[in-house]
Amino acid sequence: MADLSVKVAGVSFANPLIAASGTFGFGREFNEFYPLSTLGGISCKGITLRRRDGNPPPRIAETPSGILNAVGLQNPGVDVFINEDLPWLKQQNTTIIANIAGNTIEEYCQMAEKLSETDVDMIELNISCPNVKSGGVQFGTSCESVGQITREVRAHCQKPLVVKLSPNVTDIASIAQSAEANGADAISMINTLTGMKIDIRTRRPIIRNNTGGLSGAAVFPVAVRMVWQVSKAVSIPIIGMGGITTWEDAVEMLIAGATALQIGTVLFSDPYAPIKINEGLNRFLDENGIQSVTELTGTVKPW
Amino acid sequence: MKYDIRQLKLLSNDQIADGIFDMRLDYPEGEIPVQCGQFAHVYVPGKSLRRPISVCDARDGVLRLVYQIKGEGTKIMSQMQPGCMVDVLAPLGNGFSVQPGKRYALIGGGIGVPPMLYTAAQCDHPLVITGFRNEKLVILQDDFRTAGAEVVLATDDGTAGQKGFVTDVLRERIAEVDEVCACGPTPMLRAIAQVCREFGKPCQISLEERMACGIGACLVCAVKVRKDGEEIMQHVCKNGPVFNAEEVVFGG
């Protein structure tokens with residue numbers, strides 16, 4: 001039995017598998033499948049300063065080996081999260097990441113302040129949501145804006161700060177460097193790739209928002225490539241995600257440079273995927289005589 | 001644990017009308033009881049999303065899912081062979097609430113007809129009104145009669161039963177019933193809700209929306225409802241699929 005525990009920016013996770021923000025709500029539903037302590041941690045549904053109703057439906061479309069979604073950050077607001085969901089979550093014996101999104105930098109800072117006074121273990125700065133009109137990805141696509149928001153939130157945040165990057169950029173490595181230089185404790189990547197699906201009969205996009213974020217196995221090679229590039233460019237740890245579906249994917253993402261992992265889309269077809277991936281990972285480590293999962297991180301041997 | 005995924009043995013999977021299949025799965029008695037109007041979330045090999053299919057029947061240890069080929073996923077389902085195991089997450093959602101002593105009109109339009117069968121089986125001599133585009137799509141008429149229902153058949157083009165819409169039949173017969181339950185295309189549900197409002201009859205409707213997790217975590221299958229004067233987003237999978245028609249904000 002290998003050691004599956006990992007540490008990211010001083011925060012411990014019982015295993016490297018963290019439920020990805022937006023696929024898992026605040027955990028209550030999946031807790032009806034298995035105890036949430038089965039997971040390394042949970043990145044909670046993205047929260048905003050005030051309640052958001054999200055986009056009109058349809059909010060999802062299936063695509064080859066993936067899905068497009070445009071939920072639009074529906075959530076009850078940070079205060080409801082803190083008062084009603086967090087106390088329950090903290091009893092579930094898993095590591096809690098609060099994912100925050102805002103219309104303005106001030107909103108991000110206010111949320112970081114509020115959450116710094118709570119028991120969340122980590123704050124994930126969502127500057128990569130492609131499905132909202134203002135905020136979201138607009139902060140995440142240039143080195144300057146990423147640097148500015150990271151710096152300002154850092155000044156208001158007493159928790160370890162993870163910056164979640166968008167893949168919809170020209171040079172993700174330089175954006176990661178900008179986050180690191182301005183106080184990020186870790187990087188999580190990748191958020192979804194903007195995509196579109198059109199019904200050829202009605203000529204209408206399936207998703208009411210017209211465009212949505214692509215996730216699932218289809219994006220996995222892109223995510224691996226980007227994690228590898230960023231891991232060479234920064235020295236802070238990376239939480240890798242994007243289409244991880246099998247334990248082999250998990251191993252590959254760790255080898256590419258990730259210290260921990262988030263999984264999301266696979267949960268929709270197989271809610272038990274985290275358990276299966278952990279089992280496979282453990283077997284792989286044992287079979288290869290590897291004591292700790294951390295020994296895999298960044299061990300790719302590029303040509 | 002409230003949810004569990006089961007591997008259910010496929011007993012049969014026959015085409016019963018044009019593009020419509022009747023999947024019967026071994027669902028041993030003593031499994032989690034199914035409420036009428038709930039749905040099953042069916043894993044389709046090779047697809048990223050499960051397919052939510054309303055439960056047509058759940059009596060006698062058989063889970064029956066009647067579905068229409070709408071795309072790739074349902075096409076793959078239609079090719080599943082008897083004897084294979086089907087990965088099913090069920091039952092999910094909140095179904096129809098039916099009480100003894102009341103007479104119900106149960107209305108189904110097209111592929112919205114199947115969930116009304118198990119609902120009919122829970123009611124005392126319900127009036128079942130079924131509507132289809134044409135005769136090639138007509139399903140389950142004998143099943144409803146066997147379940148003790150009075151069945152009315154209507155088709156848009158008059159090729160089977162009476163020509164017209166289910167709402168025409170409902171208007172003629174609504175005085176006979178205490179409450180209405182309906183499932184079908186949104187324009188039909190909206191029209192039924194309107195008729196019920198006009199005649200002051202309670203109305204429950206089963207909605208459909210593109211869905212992912214099926215349990216209320218991912219928030220994709222949103223529906224706008226009015227609760228206590230405030231419009232809020234709820235979700236078909238967890239809060240529904242059956243809603244009080246008075247609360248649904250159509251087109252929201």
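# Exercises on a two-chain model

Six of the seven residues of β2(B) are buried, so the rest of the structure largely encloses this strand. Buried means that 20 or more other C-beta atoms, placed from the backbone, lie within 10 Å of a residue's own; exposed means 12 or fewer, and partly exposed lies in between. Strands (E, at least two residues) and helices (H or I, at least four) are DSSP runs, numbered from the N terminus.

The model is predicted: local features need pLDDT of at least 70, side-chain atom pairs count only at pLDDT 80 or more, and totals for chains, interfaces and linings use all residues. Residues are numbered from 1 along each chain as its sequence is written, while chains are lettered from A and ligands numbered from 1 in the order in which they are written.

**Exercise 1. Find the partners of β2(B), then place them in their sheet.**

Step 1. Take β1 (residues 5-17) of chain B. It pairs with β2(B) in the antiparallel sense over six bridges. Two strands pair if DSSP finds at least two bridges between them. L10(B) has L25(B) as its bridge partner in β2(B).

Step 2. Look at the link. Two residues lie between β1(B) and β2(B), which form a hairpin. G19(B) in the turn has a positive phi of about 75°.

Step 3. Turn to β5(B). Seven bridges join it to β2 (residues 20-26) of chain B, and the two strands run antiparallel. I20(B) is the bridge partner of Q68(B) in β5(B).

Step 4. Write the strand order. The open sheet has six strands, β4-β3-β6-β1-β2-β5 (chain B), with antiparallel pairing. β4 (51-54) and β5 (62-68) of chain B are at the edges with a single partner strand each, so one side of each has no neighbour in the sheet. The twist averages 40° from one strand to the next. Angles run from 0 to 180 degrees between N-to-C directions, and axes are lines fitted to C-alpha atoms, for helices over the stretch in contact.

**Exercise 2. Describe the barrel of chain A and follow L261(A).**

Step 1. Trace the barrel. Eight strands close it in the order β3-β4-β7-β8-β9-β10-β13-β14 (chain A), with parallel pairing. Here the twist averages 25° from one strand to the next.

Step 2. Check one pair. β3 (residues 17-19) and β14 (residues 260-263) of chain A are parallel and share three bridges. L17(A) stands opposite L261(A) in β14(A).

Step 3. List contacts. Beyond its neighbours within four places in sequence, L261(A) touches residues including P16(A), L17(A), I239(A) and M253(A). Contact means that C-beta atoms, placed from the backbone, lie within 7 Å.

Step 4. Place L261(A) in the core. The largest nonpolar core has 187 residues, and L261(A) is one of those with the most contacts inside it. Such a core is a set of buried Ala, Val, Leu, Ile, Met, Phe, Trp, Tyr and Cys residues joined through C-beta atoms within 7 Å. Helix α5 (residues 220-233) of chain A gives the most to this core, with seven residues.

**Exercise 3. Characterise the side of chain A that touches chain B.**

Step 1. Count. 28 residues of chain A are in contact with 22 residues of chain B.

Step 2. Name the elements. β5 (60-63), β6 (66-69) and α7 (266-269) of chain A each give two or more residues to this side.

Step 3. Sort by class. Twelve residues are nonpolar, eleven polar and five charged. Nonpolar covers Ala, Val, Leu, Ile, Met, Phe, Trp, Tyr, Cys and Pro; charged covers Asp, Glu, Lys and Arg; the others, Gly among them, count as polar.

Key
Contact = placed C-beta atoms within 7 Å.
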